[in-house]
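Let's take a walk through this structure together. Have the sequence and the 3D view open as you read.

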Amino acid sequence: MAPLDRHVVLVGFMGAGKTTLGEALAVRIGRPFIDLDRLIEGVADAPIPELFEQGESAFRELERKALGILVGGAPRVVALGGGTVTVPGAARILRDHAITIWLDEDVDTCWERARGGDRPLAQDEAEFRRLYAERQPLYAEVADARATDVDDAVLAAAGVRVERGALQQLGALAAGDGPAALVSDAYVAGIHGMDAQLALGPRLATTHELPQGEAAKQLPALDRLWQELRLDRSGTLVALGGGTTTDAAGFAAATYLRGIEWTPVPTTLVAQVDAAIGGKTAIDLPQGKNLVGAFHWPGRTVIDPALLETLPAEQRLEGMAEVVKTSLLAGENLHDLPDDELVRRCAAFKAAVCLRDPHDHADRKQLNLGHTFAHALEAAAGYEGLTHGRAVALGLLAALRLSGRDTGLVEAALHPEPARVDREAAWAALQRDKKAHRGELRLVLLEEPGPVWDVPVPAADVRNALDELIAE
Ligand SMILES: NC(=O)c1ccc[n+]([C@@H]2O[C@H](COP(=O)([O-])OP(=O)(O)OC[C@H]3O[C@@H](n4cnc5c(N)ncnc54)[C@H](O)[C@@H]3O)[C@@H](O)[C@H]2O)c1
Ligand SMILES: [Zn+2]
């Protein structure tokens, strides 16, 4: 079952903060929140302490029935009670229907929060600590991931693992448990391919190479990959490389045998914070980029920030454009964070947006901030001499100006340089991309408190903003 179809369940001891984090997570990923204790109280029409008076096993039976909400139904965020994991059959329900996240809070904090209340099992400190120690292994056993904050929980809900050294755990982390075909960028294969092969261990079935760069997203490369693959439907495709590799290999996974499991292992900043997250896969046509593709959410995404250490500076700058875009959308300076945290926070931001709107009907459009301009400039440059990242840096300037916002942050972080392209060609490309309706174009802008999309902007203003990005 794919992450998008699974409930997200929070487990952990009394006082770990499951309800607080669960509510925040539900808002972030756009799902209803259910607290199992509240549900039981509602159904039984009595408060938990009173229900507990009938004995712990009677209460566990109420919990067992309440767990039925995890079987089927639209995916939700559900906080379990501290002892629900001891209910017979609970572990199985979690395994089959949920992504289970453990809030592994220390016992002192739990006690401070739980003491003095009416929780039946939080009356005696020694007993509380004994029970805490007893429960830890049970949480560890059912958990798919641990979380200390909402970003961790969002990533877990999306099936994304961000961790230094994650590449070395690829055999355990890659989606599914069957054989794996490792597909990598021909250049990246030489740097990180052997580590990936070793980590996949006995799961490794075959290895495949895609050409470096955008050539990976051309039909001949796909055709070759389709024909090389030997997996059956129990197999997993593992895509090691930048966004071109994850886009192309992800599309192969979406189409081969009508769709098999896959795990992107992004190796560029662009791919770690953007391309490998959210389940969009695509290849190019001569008529344009990303014109053939599929939504195919990976069962697991493995992000190891250590892989960025071999990334050339100019590739890093490409990623920083998307990172600064994320800072603007999130209203927080994420681009100043140290690498591991920068990747974790940006990946979580994109994952949350995509969980809210997996098929790009609404919320997800905000990720196009600055991109209408960027695409027009790239097209006018004939996709040469102006990289996507440089074009996005310029596009962000235009979006900010049209939003009446200060551009200082983008200037300081990305130093955008005016593009040397033909103005008429850029304007023509922008109009091809975005059809004007009654003299207006619809753009993503930044307002208070955050991004808005499909905002009508007079064509003349858009043209002026575009012109400002182009060198005399
Ligand atoms: N699916 C999506 O949602 C989405 C989002 C954004 C971008 N994309 C796509 O992503 C692609 C761009 O991705 P990209 O910028 O990662 O380009 P890329 O995959 O071409 O990688 C850039 C270069 O870096 C090299 N490289 C990769 N990892 C390295 C490492 N760890 N050390 C040294 N060199 C390394 C590659 O060999 C390549 O030459 C575009 O095709 C774009 O359409 C997709
Ligand atoms: Zn982009």
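How far is an oxygen atom of ligand 1 from an N or O atom in the side chain of K350? The gap is 3.3 Å. Keep in mind as you look that this is a predicted model, so distances like that one are computed from predicted positions.

K350 has company around the ligand. A nitrogen atom of ligand 1 sits 2.8 Å from a side-chain N or O atom of D247. For T310, too, there is a side-chain N or O atom 2.8 Å from a nitrogen atom of ligand 1. How much of the ligand does the protein cover? Taken on its own, ligand 1 has 860 Å² of accessible area, and the protein covers 87% of that.

Now look at which parts of the chain build this shell. Four elements each give two or more residues: α10 (186-200), α12 (243-255), α13 (269-275) and β12 (288-295). Of these, α10 gives the most, with 4 residues. There are 27 residues around ligand 1, and the ones that come nearest are D185, G243, T244, T267 and T268. Sort the shell by class and you get 8 nonpolar, 11 polar and 8 charged residues.

Time to zoom out to the whole chain. You can trace 20 helices and 15 strands along it. The C-alpha atoms fill a box of roughly 80 × 50 × 35 Å, taken along the principal axes. Is the overall radius of gyration in line with a compact globule, or at odds with one? For 472 residues, such a globule would come out near 23 Å, and the chain has 24 Å, so the two agree.

The contacts and surface fill in the rest of that picture. Take the contacts between residues at least 6 apart in sequence: 73% of them join residues at least 24 apart. Buried residues make up 53% of the 472 in the chain. The accessible surface adds up to about 20400 Å², with 51% of it belonging to carbon and sulfur atoms.

Finally, pick out a single residue, D152, which you'll find in helix α8 (residues 150-157). Is D152 buried or exposed? Its relative accessible area is 17%, and buried means under 20%, so D152 counts as buried. Setting aside neighbours within four places in sequence, D152 is in contact with R146, A147 and R344.

Definitions and conventions
Residues are numbered from 1 along each chain as its sequence is written. Chains are lettered from A and ligands numbered from 1 in the order in which they are written. This is a predicted model: local features need pLDDT of at least 70, side-chain atom pairs count only at pLDDT 80 or more; totals for chains, interfaces and linings use all residues. Side-chain values use heavy atoms; hydrogens and water are left out. A residue is near a molecule or strand if one of its heavy atoms lies within 4 Å of it. A polar contact is a pair of N or O atoms within 3.5 Å; within protein, one must be able to donate a hydrogen and the other to accept it, and residues adjacent in sequence count only if both atoms are side-chain atoms. Accessible areas come from the Shrake-Rupley method with a 1.4 Å probe; for residues, only the protein chains shown count as cover. Ala, Val, Leu, Ile, Met, Phe, Trp, Tyr, Cys and Pro count as nonpolar, Asp, Glu, Lys and Arg as charged, and the others, Gly among them, as polar. The radius of gyration is taken over C-alpha atoms; the globule rule is 2.2 Å times the number of residues to the power 0.38. Buried means under 20% relative accessible area, exposed over 50%, partly exposed in between (1.4 Å probe, protein chains only). Contact means heavy atoms within 4.5 Å.
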